[in-house]
Amino acid sequence: MSRIDVLSVSQEWVRHDYGNTFFRQPMSAGERLVIGPSDNHLDMMVALAGTWSTQEFYVLYVLLISHTGSQPGRYQSPLFESFEDLQMFLYSYEQFLQTDGRHHLWIGSPTNDGLLIYDQHDVIFAYGDLSRYESVVKGQSFSERDFWFPVPHGHNYPATNAKPEEELLRHFDWRYSPLKEGDEW
């Protein structure tokens, strides 16, 4: 199961694969790294966050559409006080987070060591020390090449992910805020 599918030549929906690629994207203030893993997106997020000097992290779970009647919005976790706690949380919900295209997942630090956004389009946007991030992706044999979201595409929202959504939203006493402009695109 994938988060994003594209139409094949035979007009069937098939899993989209960015092919383990990355590129630097200029922004109005600096650059970011855009990363398109073929799979194991959370492993990449963990590897990138592991380059930060901090041992404190937070997660922002951005729910765009709910299967359970939960309020779409931004759910900020309490502070993770160790890298191991962050990993344990992410891997507890790994299948749900990597197979459902109705949310984004952010990992940040209170010291602004970096910011990682796992977008609903199955792409990771990395802000921070891009040279360190490039060492990680190149070390995993990613190739440097521009890419973007396929057109047309569809997002998968498997009904079987209703229970993991409920479990994730019960995991913490999240701090809720409404969606912001740009969360849905």
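Which residue is the bridge partner of I4 in β11? The partner is H155, and the views below, all drawn from a predicted model, begin with the sheet that contains this pair.

**View 1. The three-stranded sheet β2-β1-β11.** This open sheet has antiparallel pairing, with its three strands in the order β2-β1-β11. The edges are occupied by β2 (13–15) and β11 (153–155), each of which has a single partner strand, so one side of each lacks a neighbour in the sheet. On average, neighbouring strands are turned by 40 degrees against each other, direction ignored. Strand β1 (residues 4–7) is joined to β11 by three bridges in an antiparallel arrangement. Besides the pairing of I4 with H155, V6 has H153 as its bridge partner in β11.

**View 2. The hairpin of β1 and β2.** Three bridges also connect β1 to β2, and these two strands run antiparallel. Within this pairing, D5 stands opposite R15 in β2. The two strands form a hairpin with five residues between them. Q11 lies in the turn and has a positive phi of about 65 degrees. Most residues other than glycine have a negative phi.

**View 3. The nine-stranded sheet.** A second view of strand pairing shows an open sheet of nine strands in the order β10-β3-β4-β9-β8-β7-β5-β6-β12, with mixed pairing. Its edge strands are β10 (143–144) and β12 (175–177), each pairing on one side only. Inside the order, strand β5 (residues 58–63) and strand β7 (residues 103–108) pair in the antiparallel sense over six bridges. One of the residue pairs is L60 with W106, its bridge partner in β7.

**View 4. Helix α1 on the sheet.** Helix α1 (residues 41–49) lies across β4 (30–36), β7, β8 (114–118) and β9 (124–128). Relative to β8, the helix runs at about 175 degrees. Is α1 mostly covered, or mostly uncovered? The helix is mostly covered, with seven of its nine residues buried. The buried residues are H41, L42, M44, M45, V46, L48 and A49.

**View 5. The packing of α1 against α2.** The axes of α1 and helix α2 (residues 83–92) come within 11 Å and cross at roughly 170 degrees. The two helices are therefore roughly antiparallel to each other. On the α1 side the contact involves L42, D43, V46 and A49, which meet F83, L86, Q87, L90 and Y91 in α2. By class, the residues of this contact divide into seven nonpolar, one polar and one charged. Among the α1 residues taking part, L42, V46 and A49 are also listed as buried.

**View 6. The nonpolar cores.** The largest nonpolar core has 38 residues, of which I35, Y61 and I107 touch the most other members. Helix α1 supplies the largest share of this core, six residues. A separate core of 14 residues lies apart from it and includes I4, V34, W106 and F147. Two of these names recur from earlier views: I4 is paired with H155 in β11, and W106 is the bridge partner of L60.

**View 7. The surroundings of I35.** Leaving aside neighbours within four places in sequence, I35 is in contact with T21, F22, M44, L48, V123, I124, A126, V137, F142 and F147. Among these contacts, M44 and L48 are buried residues of α1. F147, another contact of I35, is one of the residues of the 14-residue core.

**View 8. Two asparagines with positive phi.** N20 lies in the loop between β2 and β3 (21–27), and its phi is near 55 degrees, a positive value in a residue other than glycine. N40 is found in the loop between β4 and α1, and this residue likewise is not a glycine but has a positive phi of about 55 degrees. N20 is partly exposed, with a relative accessible area of 25%. N40 is also partly exposed, and its relative accessible area is 38%.

**View 9. S177 at an edge strand.** S177 has its place in strand β12, an edge strand of the nine-stranded sheet. At 28% relative accessibility, this serine counts as partly exposed. S177 and R74 are 103 residues apart in sequence, yet 5.1 Å apart in space, C-alpha to C-alpha. Not counting residues up to four places away in sequence, S177 touches G73 and R74.

Methods: Residues are numbered from 1 along each chain as its sequence is written. This is a predicted model: local features need pLDDT of at least 70, side-chain atom pairs count only at pLDDT 80 or more; totals for chains, interfaces and linings use all residues. Side-chain values use heavy atoms; hydrogens and water are left out. Two strands pair if DSSP finds at least two bridges between them. Helices (H or I, at least four residues) and strands (E, at least two) are DSSP runs, numbered from the N terminus. Contact means heavy atoms within 4.5 Å. Axes are lines fitted to C-alpha atoms, for helices over the stretch in contact, and angles run from 0 to 180 degrees between N-to-C directions. A nonpolar core is a set of buried Ala, Val, Leu, Ile, Met, Phe, Trp, Tyr and Cys residues joined through side-chain atoms within 4.5 Å. Buried means under 20% relative accessible area, exposed over 50%, partly exposed in between (1.4 Å probe, protein chains only). Angles under 35 degrees count as roughly parallel, over 145 as roughly antiparallel, 65 to 115 as roughly perpendicular and the rest as oblique. Ala, Val, Leu, Ile, Met, Phe, Trp, Tyr, Cys and Pro count as nonpolar, Asp, Glu, Lys and Arg as charged, and the others, Gly among them, as polar.
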